[in-house]
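Here is a set of short questions and answers on one structure. Keep the sequence and the 3D view open as you read.

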Amino acid sequence: MNPVEIEEAVSNLALEPFDRAEFPFQFLRAFGSKDTAIQRLRAGNTNQTDVPGAILQRGNIHIAACDIGGVDETLKALRESPKTASQKAKFILVTDGEVFQAEDMNGGGTVACAYAEFPDHFGFFLPLAGITTVEQIRESSFDIKATGRLNKLYVELLKDNPDWASRSVDMNHFMARLIFCFFAEDTDIFLSGGLFSKTIEQMSARDSSDTHLVMAEIFRAMDTKPENREVAGIKPYARKFPYVNGQLFSGSTECPRFSKIARSYLLHISSLNWKKINPDIFGSMIQAVADDEERGALGMHYTSVPNILKVLNPLFLDDLREKLEEAGDNGRKLLNLRHRMAKIRVFDPACGSGNFLVIAYKEMRSIEAEINRRRGEPDRRSDIPLTNFRGIELRDFPAEIARLALIIAEYQCDVLYRGQQEALAEFLPLDSQNWITCGNALRLDWLGICPPTGTGVRVQAKDLFETPLDQAEIDFENEGGETYICGNPPYKGTKGQTTDQKSELESIFECYDGSFKVLDYVSGWFVRSAEYLRHTFGSAAFVSTNSICQGNQVPVLWPLISSLGSRISFAHTSFKWANLASHNAGVTVIIVGIGVSPEERRLYIEQDGSSVCKVVDNINAYLVPSRNIIVEKSSIPIHGLGQMVLGNQPYEGGFLILDTQELEDLNINSEGREKIIRKIIGSSEVVNGSERYCIWVEDTNRSYAMNIPTVRERIENVRVWRNASSRPATNAMSNRPHQFCEMKSPKSSVMIIPIRSSENRPYLPIGLYDNTATVSNLAYAIYDGDLFNLSIISSRLHLVWISTVCGKLETRFSYSNKMGWNTFPVPTLTEQNKADLTRCAEGILLAREAHFPLTIADLYDPQKMPEDLRAAHERNDEVLERIYIGRRFQNDTERLEKLFDLYTKMVGKGGPKKGKRKAA
DNA sequence: CATCCGACAACAC
DNA sequence: GTGTTGTCGGATG
């Protein structure tokens with residue numbers, strides 16, 4: 001269940017008559033408990049309670065419904081019940097149908113309210129539904145509720161007005177107007193409370209036939225100055241509404257028709273308390289309403305405030321706060337800071353519903369309010385112009401919402417810091433300027449949308465971009481100010497991009513060298529930012545997929561950013577992005593800030609759920625606090641040791657590869673097994689010791705294989721499958737369906753290195769196999785190589801290199817021959833060195849053998865690694881590291897530093913030359 | 001022709 | 001269910 005569905009279920013429960021016996025089960029069901037789980041609780045099987053009449057679901061909640069007046073006593077019993085702790089209950093809850101009390105057992109506070117009001121606190125209990133990731137959401141009950149109600153209205157209106165489905169821009173604008181009206185009538189902006197809904201209710205017919213007309217008239221009034229209303233013939237009932245304008249009410253005032261149901265939804269929504277809206281949170285929730293694909297996950301795509309602050313704080317807010325701290329009570333310094341802040345622009349070129357902008361605005365207002373307080377000017381009008389908060393958003397509805405969210409944020413800040421009177425006095429009419437541009441950020445000219453101050457910029461802009469400058473060009477109140485670019489642009493991988501998106505990247509990258517096609521879509525925002533920062537003072541930071549700072553993409557993107565004059569000013573290493581979705585495997589992201597001349601570099605690392613900050617001398621493109629080095633992939637090993645190649649690509653649709661059962665089912669004799677069946681080894685086989693086989697038919701055995709019906713059928717299936725592929729190279733192989741794409745085999749032995757493997761092991765997995773093994777495309781192989789190669793790959797040094805230089809899948813290791821093995825810096829090895837390392841490799845293999853049949857997964861589990869194996873690796877590291885520096889390295893930082901140093905020497909000075917602008 | 005990747009995907013536990 | 005950990009084949013250079 002998503003939060004919106006839960007809210008609805010909880011609200012419905014509160015409307016039903018209180019049923020003491022049923023309440024605990026009803027409550028659990030509202031939070032998504034399955035019927036089977038509830039039945040088992042009801043039967044007592046899983047009810048762990050030791051309090052009479054209570055229900056205790058392990059790991060979840062201890063809940064009781066009691067006689068009237070017994071709440072305090074029962075709550076005490078639950079709190080003191082040893083079972084509450086031992087069964088790890090997250091909550092205790094007691095109600096008698098009049099009073100409702102609950103406690104979060106993990107120190108998250110309490111709820112005490114009248115029974116009828118408990119749905120307002122449903123956010124408190126969201127962990128019951130597995131939604132734990134976002135702390136703020138507990139205070140966002142209103143936003144979830146409003147999102148659910150508005151969604152219902154939206155769907156209903158589309159049902160009643162099929163023609164509006166193709167007019168999404170009008171529909172979105174209409175919804176934004178409605179939200180504004182709901183907010184305005186609850187905050188006295190409309191002078192008398194409830195003016196909007198009361199007018200609709202009283203002036204429109206109960207059968208809803210003219211609701212849209214009454215509403216249109218009200219909208220028309222809000223777009224007409226009071227002095228013109230007489231002439232415009234505005235109906236008297238609409239004249240009570242203030243003049244709002246601000247683009248929100250300009251343009252067509254047409255409204256969709258309302259059914260009776262839609263009209264009642266409308267009136268119901270208006271009864272919510274819109275004062276409580278959180279414009280940052282609400283916006284990101286509501287934007288799913290207008291998106292067919294996202295509607296199922298309503299309320300889930302919520303970017304948490306702490307994550308947004310991970311971008312904004314290091315980008316510029318921390319600095320402002322430090323300056324505030326420094327200023328103390330010095331009036332002059334405070335004034336300077338206020339002047340500076342008035343000129344700061346925040347620009348989010350992927351702003352969605354504007355939550356980065358809203359949060360930046362709110363945080364700045366909070367700092368400004370402190371300045372004004374210290375200067376004894378608490379009522380002072382804000383010097384921070386809303387027009388300095390700009391965004392670009394592709395989708396129309398979020399763009400509307402973003403604009404609205406900023407307006408609401410401004411009003412709420414005014415109320416908070418200056419008081420209701422002052423806020424009201426200056427709120428209307430709205431500024432008619434549009435700060436949120438609806439369009440494609442990678443096609444639009446940022447300099448046009450967020451023009452830097454100074455001279456000559458316009459000319460340079462035309463030089464840089466071929467995009468026509470037909471966008472709104474509005475002057476900023478920021479002469480001499482700073483610009484901070486921020487946001488969470490979309491990531492698409494290298495393959496997930498549409499043709500349009502690829503061509504957008506092409507238009508950005510065509511004037512540079514380098515193969516942009518390996519880059520993630522998000523890299524467009526970084527390059528655009530670096531270009532922009534050449535023209536103005538400021539910096540940029542985005543949330544991004546971590547892959548732009550790994551493997552393949554590094555040598556393309558970062559030399560280019562560097563050649564544009566930007567450096568990494570701060571970074572947050574990989575962490576899981578969290579939103580409200582409970583099954584939020586999510587993505588692993590980084591935050592990277594770039595600037596032209598950063599004063600200091602801060603590196604944030606996620607540890608035990610919080611970010612630890614280190615001030616470092618430099619942050620390189622791998623987000624490592626070390627020298628600026630770019631490791632280019634190499635097709636030959638720079639160390640001159642063994643050749644490592646990819647295993648055999650099958651391209652067989654599953655017909656040539658067999659598990660043990662499928663091998664049995666083939667029903668072939670031992671001669672056949674000898675001739676055409678081999679063991680196949682991929683990542684999982686090396687790590688977990690599992691067994692798979694493959695049909696492996698040398699051309700000389702082809703007719704033999706085709707004479708076995710079960711084998712023939714599989715081979716025929718491969719032919720069909722390869723023909724059906726959209727990939728020409730696969731089609732071309734359909735004339736030899738009995739074979740893999742390649743047919744590489746070891747003569748005597750093969751070392752096999754899994755491509756993907758867990759990051760939790762202290763050493764990389766590698767297996768040594770005899771010549772009966774076939775290597776799959778999920779592993780690399782060194783065929784018939786010297787054993788000391790195994791020693792090197794098994795070393796801590798190598799793991800450190802691979803984990804830094806190669807790509808990752810989330811945070812998994814992702815081995816690469818060209819990027820990791822061929823580039824691995826090794827000093828020239830003497831024959832003695834090689835002999836020593838070979839002995840170390842043998843030691844490792846022997847130690848593993850001593851624990852047969854434990855697998856690599858068992859042996860290298862950091863908790864369970866056997867002492868003798870650990871000792872063998874220590875010896876191996878000792879011998880290898882002595883070859884590098886004559887002693888053991890102290891830590892991984894030192895290892896990496898030495899490896900970078902040696903790499904630089906081995907590939908020669910200068911390094912990669914990519915990323916420069918093409919000579920015209 | 002040989003990688004390298006996945007706003008992942010499919011397992012175990 | 002959720003924590004752990006590597007499939008598979010297409011796009012790419």
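Q: How many salt bridges does a search of the whole structure find?
A: Side chains of opposite charge can pair when their charged atoms come close. A salt bridge here is a side-chain nitrogen of Lys or Arg within 4 Å of a carboxyl oxygen of Asp or Glu. Searching the whole structure gives a total of 59.

Q: What kind of model is this, and how are its parts numbered?
A: Residues are numbered from 1 along each chain as its sequence is written, while chains are lettered from A and ligands numbered from 1 in the order in which they are written. Side-chain values use heavy atoms, with hydrogens and water left out, local features need pLDDT of at least 70, side-chain atom pairs count only at pLDDT 80 or more, totals for chains, interfaces and linings use all residues, and the model is predicted.

Q: Which residue meets Asp 35 in a salt bridge?
A: Asp 35 is partly exposed, at 46% relative accessibility. Buried means under 20% relative accessible area, exposed over 50%, and partly exposed in between (1.4 Å probe, protein chains only). The partner is also partly exposed, at 37%. The N to O distance is 3.3 Å, and the partner is Arg 29.

Q: How many residues apart in sequence are the parts tied together by Lys 362 and Asp 280?
A: The two side chains meet in a salt bridge of 3.7 Å, N to O. Lys 362 lies in helix 15 (residues 355-374) and Asp 280 in helix 12 (residues 279-286), so the pair ties together parts separated in sequence by 82 residues. Helices (H or I, at least four residues) and strands (E, at least two) are DSSP runs, numbered from the N terminus.

Q: Is Asp 280 buried or exposed?
A: Its partner Lys 362 is partly exposed, at 25% relative accessibility. Asp 280 has a relative accessible area of 6%, so Asp 280 is buried.

Q: Which residue pairs with Glu 897 in a salt bridge?
A: Glu 897 is partly exposed, at 31% relative accessibility. The partner counts as partly exposed at 33%. The N to O distance is 3.3 Å, and the partner is Arg 627.

Q: How many of the residues of helix 16 are buried?
A: Helix 16 (residues 396-418) reaches 33 Å from its first C-alpha to its last, close to the 33 Å expected at 1.5 Å a residue. The expected span is 1.5 Å times one less than the number of residues. The helix is largely enclosed by the rest of the structure, because its buried residues number 18 of the 23.

Q: Which residue follows helix 16?
A: Look just past the end of helix 16. The residue there has a positive phi, near 110°, and is Gly 419.

Q: How many residues surround DNA strand B?
A: A residue is near a strand if one of its heavy atoms lies within 4 Å of it. The closest are Lys 495, Val 587, Gln 649, Arg 756 and Ser 816, and the full count is 29.

Q: Which residue has a side-chain N or O atom 2.9 Å from a phosphate oxygen of DNA strand B?
A: A backbone N or O atom of Tyr 491 lies 3.2 Å from a base nitrogen of this strand. Lys 808 has a polar backbone atom 3.5 Å from a phosphate oxygen. The side-chain atom at 2.9 Å belongs to Asn 817.

Key. Polar contact = N/O pair within 3.5 Å; in protein donor to acceptor, adjacent residues only side chain to side chain.
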